[in-house]
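Good morning, and thank you for the opportunity to present. I shall take the structure on the screen from its overall composition down to a single residue.

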Amino acid sequence: MSKNLHQVEAANSLAALGNVTRLHLFRYLVQAGPDGAIIGTIQSHLDVPGSTLHHHIAKLVKVGLIEQEKKGREIICRANYDRMDNLLSFVTENCCRGIEDLTEKKSA
């Protein structure tokens with residue numbers, strides 16, 4: 001993935017985080033750090049059925065916000081910190097630069 005997100009990629013990532021369960025899941029994995037967490041632990045923490053958790057994980061994997069690794073019989077989920085940083089940078093890249101006043105252009 002490139003360093004800079006495109007608007008569609010950013011919108012898809014933000015849309016995936018627009019669900020309370022997915023946001024909670026993602027924040028939990030961010031808090032877990034680079035070691036991540038196994039699915040059973042995540043399921044206990046979120047208190048959701050396995051099929052529901054799988055659905056939410058799949059959405060976050062699809063947009064690249066989390067990654068999975070299989071170790072033996074366990075699946076470890078980790079936050080993708082690069083993707084997270086790119087998303088936050090995209091959202092804040094023009095912070096406080098001001099905006100062009102379009103009304104002045106129209107009257108000129």
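Of the 108 residues in the protein chain, 31% are buried, where buried means under 20% relative accessible area, exposed over 50% and partly exposed in between, with a 1.4 Å probe and protein chains only. Please note that this is a predicted model, in which local features need pLDDT of at least 70 and side-chain atom pairs count only at pLDDT 80 or more, while totals for chains, interfaces and linings use all residues. Residues are numbered from 1 along each chain as its sequence is written, and side-chain values use heavy atoms, with hydrogens and water left out.

The protein chain contains 6 helices and 3 strands; these are DSSP runs, helices being H or I of at least four residues and strands E of at least two, numbered from the N terminus. Read from the N terminus, the order of elements is α-α-β-α-α-β-β-α-α. Among contacts with a separation of 6 or more, 59% come from residues 24 or more positions apart, a contact being heavy atoms within 4.5 Å.

Let me turn to the sheet. It is open, has 3 strands in the order β1-β3-β2, and its pairing is antiparallel; two strands pair if DSSP finds at least two bridges between them. The edge positions belong to β1 (37-38) and β2 (66-71), each of which has a single partner strand, so one side of each lacks a neighbour in the sheet. Between β2 and the antiparallel strand β3 (residues 74-79) there are 6 bridges. One bridge partner in β3 is Glu 74, which is matched with Lys 71. Helix α2 (residues 20-32) packs on this sheet and touches β1, β2 and β3, its direction making about 90 degrees with that of β3. For such values, axes are lines fitted to C-alpha atoms, for helices over the stretch in contact, and angles run from 0 to 180 degrees between N-to-C directions. The strands β2 and β3 form a hairpin with 2 residues between them, and Gly 72 in the turn has a positive phi of about 65 degrees.

How do the helices α2 and α3 cross? The axes of α2 and α3 (residues 39-46) come within 11 Å and cross at roughly 125 degrees. That makes α2 oblique to α3; angles under 35 degrees count as roughly parallel, over 145 as roughly antiparallel, 65 to 115 as roughly perpendicular and the rest as oblique. On the α2 side the contact is made by His 24, Leu 25, Tyr 28 and Leu 29, and on the α3 side by Thr 41, Ile 42, His 45 and Leu 46.

A second helix pair is α1 (residues 7-16) with α5 (residues 81-92), packed at an angle of about 110 degrees with axes 10 Å apart. These two helices are therefore roughly perpendicular to each other. From α1 the contact involves Gln 7, Glu 9, Ala 10, Ser 13 and Leu 14, and from α5 it involves Arg 83, Leu 87, Phe 90 and Val 91.

Finally, a single residue: Lys 59, in helix α4 (residues 50-62). Lys 59 counts as partly exposed because its relative accessibility is 38%. Beyond its neighbours within four places in sequence, Lys 59 is in contact with Ala 16 and Arg 22. Lys 59 and Ser 13 lie 46 residues apart in sequence, with a C-alpha to C-alpha distance of 9.2 Å. Ser 13 also belongs to the contact between α1 and α5 described a moment ago.
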